[in-house]
Each structure stands twice: as structure tokens, then as C-alpha cells.
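Biologist: Could you walk me through this model, starting with whatever terms I need before we get to the strands?

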Amino acid sequence: MAEQLGNLARTHTCGALRPGDVGQQAVLLGWVHRVRDLGALVFIDVRDRHGITQVIVEGSEALLERAKRLRSEYVVGILGEVERRSPDTVNLNVPTGEVEVRAAEIRILNEAKTPPFSIAEDQNVSEETRLRYRYLDLRRPPLQRNIRLRHRITMAIRKYFDEQGFYEIETPILTKSTPEGARDFLVPSRVHPGEFYALPQSPQIFKQILMIAGFDRYVQIARCFRDEALRADRQLEFTQVDLEMSFATPPLVFEIVEGALAACFREIGVEIPRPFRRMPYAEAIARYGSDKPDLRFGLEIQDFGALFAGSPFGIFREAVAHGGTVRGFVIPGASGYSRREVDSLVEQAKQLGAAGLVWARHTADGVQCSVKAVGEDGTRRVLDQAGATPLDLLVMASGAPDAVSKVLGQLRLQVARQAKLIPDGRWELLWVTDFPLFDWNADEKRWDSVNHPFTAPREEDLPRLESDPGSVLAKAYDVILNGWELGGGSIRIHDRETQATVFRLLGLSDEDAKHRFGFFLESLEYGTPPHGGLALGLDRICALLAGESSIREVIPFPKTTQAVDLMCDAPSTVDPRQLRELSIKIQG
């Protein structure tokens, strides 16, 4: 039976004791991390979220008997005197390793079943098991460190924005369904049968309304929901640092956000250089094949289209003649790749969507290209333009400019990982700017918003908004870290006429726009200031700064990639009475 805590009150955490505490009486409250029974002597490692302290039990038969009953994950209270360890038993791997507590009393506050995996050892446990027993997984030191870091980052963000004059304001969780690029989670209304709330994909409209209301600097650590496919950097519910400012310009947003990220980095002891590099979207696609380029390594994509306009190699010549191009990148030190390794590169490119991959390199006898029709002179010219040394390998593909760059961009990342070209401990931050405002949806024969429908076009492009929407660039920007999008935002449309025009271009009739956004359109008529903002992914920031490759490692209770909460067994069926109350009938 579990004993009561009684008059035991913690005097020190399990990570607090140091040589200066020798001679003091200490009360430790925590979990049994490990027990070492040496017969007349028992060592107990006691753990809490602050660390581990070694407890020694000897002398008293009753106390030894009680110590021998302990198992991993029992909850205990221990009273004893702090002693200095002998020099040969000091453990410098833990902060408390120079001292131990000699137990005078052990109170077993609760027993524990044998866990399905060890908390004390770093085992290779399946993710399914970890998520099913998340309450045990969260006891493990790596996750405790991650959650502690998340707390510190969140507090640093709150402090920073308070110092910058922002108000933290909560926006509704139950709101109206609006199109923002992903499916909404719908919540049926009991008192209004057949009608639904939606969980917010973001606080977008509400934060814009706060600007209209005169709260010129808003921030919120906001919970958001999107019914979309899950992967390493996405969850159905996630947390973002949402901000908006009146009278904002892109440089002002950049300055504020860079300061916030600098505050986050200080929590891991890193001072990041500012201002961040800036790169237009078109340049990012052309040079890196991605709108979130990883700049920690080279392998920049180069354009060789002009070299192949008159090439004897028909595939490249025809690609250039029909508006396409030839692009490629140099893999340093890969000239000695075997035929098998080169074939593997070609196969990877094909799996990523390339029609093929042409390679070229220097040899002891001159130059070599995988396609003889390119010719020796053509091969030498392209190697020279690429800046390839005799140790390097050049790979190339042809096609529509953006399409070929995107394929090569994915191959670039795979090559960098396989060749271990990505340095550890390097942070590369940049802003990607000047996104297109619209993207043509060929299936539905209409324009889609690249960002969202409230993004303002550049002033110089406004005259072409209706006549040539595909050429219009947006006052939008993303902040990127090591190939991850940390956040995105824009300057917003602040006049009703432009907003109504954008809705029409997106295929919304005036009636549809009024039904979905009528309250917002009306609010724009009551003195709306120019405004803009951004949303940062808190989960992604924490994952990167914790050195994790998945945001699940910094979220206390994440879903699986199949959108399931294994611990709670959700989603699940509900009582038929609940469905009747909501006027819902399931069709099977």
C-alpha cells in the first residue's frame, strides 16, 4: 500500500545538491531511477525533472529491507544527510556527482509496474510504444530537456514581445469556416442543428480585425488546427507565435521577428548575426530548387541553357528551344564515383521526377560525359562554366526552368545527406521574399492564393491585378532556418475594393464572399490601417534548437503520422445519444 507524504517537504531537487550542501539534512522527492543492491549496502538513484541524486543505504536492517523493496519508477520520499563522495566514487557526468545522501528514512509513496521500456537506459524503443505510453516516455531525460527548453523559449518570446509593446490577446477557438488552404476541423452546433463551427487554422482574420480595432501590436501563442497529412514537421494541432502590427512594412516585420528569434537562440547560448540574408523567391527556386533553401552547404544549381542552345545533343537543344533550360550542380569530390554510384544518382533523379540525369567529369585523359552527343568541346565548356575541378562531378537535367530546379533541389538535399556535406552546429537564417500572389489551378481552372487571400500585392503590380494576375508578386515573406520554414507572413490588403477583387480572382462570387467574409469586408470600410504580420511555428523552432528532426520530440502529446493519439485512443466512436443531440447521422 502506498504511504502518505505526511510531513515530508522537499528541501532540494534531485539536481540541486553540491559539495557546499555537505552536512545538511535533505528531503528528496522523486522516482527511483536505478537500484544497485550490494547486500549490506544499497545505492538508489533518485530522479526528478531537475536531475539525479545518489542515495546510500546501509547499517539499519529495517532501512535496508525497505531499500531492497524498491524497483525502478517507484515514487519515494527520502530524508538523509548530504555527504561528500569518496574521490574514487565521484561521478563527474552528473552535476550532483560529488555528493550523495545517506538515507535516514525512506517513504514509499507509490509502487510501479515494470515499465514497457527502461526510463534509465537509452533504448531503441518503437515510436508506437513511446506514444502509447507517453506519460512514461516524458520521464526520460531527453524529452524532459526538450520540454524545459520549450518552456524557456516560450517565456523568452513573451518577454521580448512585451518589451516591444505588443499586447497578448486571445482569439476564438470556435469560429467560422474559411478557406486557408487546408481542410477545417468542424464542430457541430447542438443549439443550431445542421450548422458548424470550425477550429481555427490560424487567427488570421481576428488579428486583422484587432488592427482595425486600434490594438496596433498584437501577439499570441496560438493553438491552431489543420486537417492535413502529417509528417515530421506537421501535426493536426500545433502552436504558432502569431503577431500583427499596424502601419507595418516588410523591413519593420523583419526587424521585430529577427529580434524574437535572437531571443530564442540565446536560450541555447547562441548569438545569431543580424540582419538575416534576403533572397527573392525566383532566385531561391533557380539556385536551390526550393522556397526554403538550406544554405549550410553549397551544391548551388546553375543554369547552362545558353551553352546548349545549339548543342548536337537533341534533348538539351530542344528543351532550350521550347522555353526550357538545362540546369545542374557540382558534387565536390565525386569525380571518383563508381559506375554503380553514378547509376544510383541517376535513379534517384528519376524517382524525384526527372526524365533523366546527365553527368560529366574530368578524367586523366581529358573529359567524360554520360551522353557522347554532348561532345568533348561541349563537355569541357560546361565543366568550365560550372567551376568543376578534376575532383568533382557535374550532374544536369533539362526541362521547364522551375520544374527542373525543383527536382535538382530535392536531389541536392539527398546528395548532401548521403555525402555528409551538412555541417553540424551551423545556423543559416534568411528571408525569402517576393512570392507570386497567385498560382494557377489547372484542374479547377482558377487561381489559388500562394499565401492566403488577405495578402497584399506589391504596389507596382496593382495595375496588372485583373489583367495579368499570374505576373503579380506579393508583399509576402517566409523566414527559413536550415531548410525549414520557421514562419511566413505578409503585408495585408487593407481596402475593401482590392480585397473584393482578389476574392473574385479566386473564384468567389460577391455573394460567396459576403457569406464567408461579410463581417470582415464590412470592417474594412471603417478606417483600416495598413498592417502586416507573421506567424512563427513554435514547434519547429523548439525542434531545431533542441537538435531534433521531428516536432513530435518537443510536443508533450503528439499524434502519429496516421493522426491517432495512441495514449488516449483518439479519434474514437461516441455515444449514439451524443450524435442524436447534434442532429448527426453516420452513413456507413
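Modeller: Two strands are said to pair if DSSP finds at least two bridges between them. Please also keep in mind that this is a predicted model.

Biologist: Okay, so how many bridges join strand β14 and strand β16, and in which sense do they pair?

Modeller: Strand β14, residues 358-363, and strand β16, residues 393-399, are joined over four bridges, and the pairing is antiparallel. As an example, A360 has L394 in β16 as its bridge partner.

Biologist: What is the order of the strands in that open sheet?

Modeller: The sheet is open and consists of five strands in the order β12-β13-β16-β14-β15, with antiparallel pairing. The edges are taken by β12 (302-303) and β15 (366-369), each of which has a single partner strand, so one side of each is left without a neighbour in the sheet.

Biologist: Which strands does helix α9 touch?

Modeller: Helix α9, residues 339-351, packs on the sheet and touches β13 (325-331), β14 and β16, with its direction making about 150° with that of β14. Helix α10, residues 375-386, lies across β12, β13, β14, β15 and β16, and runs at about 95° to β15.

Biologist: Switching topic, what about aromatics: how many pairs are there in the whole structure?

Modeller: A search of the whole structure gives 17 aromatic pairs. In one of them, F254 and Y477, the ring centres are 5.3 Å apart and the planes stand at 85°, so the pair is edge-to-face. F254 belongs to helix α6 (residues 250-266) and Y477 to strand β20 (residues 476-481), so this pair ties together parts that are 223 residues apart in sequence.

Biologist: Are those two buried or exposed?

Modeller: Both F254 and Y477 are buried. The rings of W431 and Y477 also form a pair, with centres 6.0 Å apart and planes at 85°, so that pair is edge-to-face too. W431 sits in strand β17 (residues 429-433) and Y477 in strand β20, and the pair links these distant parts of the chain across 46 residues. W431 is buried, at a relative accessible area of 0%, and the value for Y477, which is buried, is 1%.

Biologist: Which residues form an aromatic cluster?

Modeller: F454, F503, F517 and F520 form one aromatic cluster.

Biologist: Now β22: how many of its residues are buried?

Modeller: Strand β22, residues 531-537, is mostly covered, with seven of its seven residues buried. H531, G533, A535 and G537 point one way from the strand while G532, L534 and L536 point the other way, and all of them are buried. That fits a general pattern, in that side chains in a regular strand alternate between the two faces of the sheet.

Biologist: Which strands pair with β22?

Modeller: Strand β10, residues 237-246, pairs with β22 in the antiparallel sense over seven bridges, and M245 has G532 in β22 as its bridge partner. Strand β21, residues 484-491, also pairs with β22 in the antiparallel sense, over five bridges, and there G489 has L534 as its partner in β22.

Biologist: And the largest nonpolar core, which residues touch the most other members?

Modeller: Of the 42 residues in that core, I153, F161, L261, L486 and L536 touch the most other members. The elements that give two or more residues to the core are α4 (141-163), β10, α6, β17, β20, β21, β22 and α14 (538-545), and the largest share, ten residues, comes from α6. Beyond its neighbours within four places in sequence, L536 is in contact with T239, Q240, V241, V257, L261, V479, L486, G487 and I541.

Biologist: Last one, where is I44, and what does it contact?

Modeller: I44 is in strand β2, residues 41-48, and it counts as buried at 0% relative accessibility. Apart from neighbours within four places in sequence, the contacts of I44 include V32, R34, T53, V55 and I106.

Biologist: Where does T175 lie?

Modeller: T175 lies in the loop between β6 (167-168) and β7 (186-188). The relative accessible area of T175 is 15%, and T175 is buried because the cut-off for that word is under 20%. Not counting residues up to four places away in sequence, T175 touches Y197, A198, P200 and F206.

Methods. Residues are numbered from 1 along each chain as its sequence is written. This is a predicted model: local features need pLDDT of at least 70, side-chain atom pairs count only at pLDDT 80 or more; totals for chains, interfaces and linings use all residues. Side-chain values use heavy atoms; hydrogens and water are left out. Rings of Phe, Tyr and Trp (its six-membered ring) pair if their centres lie within 6.5 Å; planes under 30 degrees apart count as stacked, over 60 as edge-to-face and the rest as tilted. Buried means under 20% relative accessible area, exposed over 50%, partly exposed in between (1.4 Å probe, protein chains only). Contact means heavy atoms within 4.5 Å. Axes are lines fitted to C-alpha atoms, for helices over the stretch in contact, and angles run from 0 to 180 degrees between N-to-C directions. A nonpolar core is a set of buried Ala, Val, Leu, Ile, Met, Phe, Trp, Tyr and Cys residues joined through side-chain atoms within 4.5 Å.
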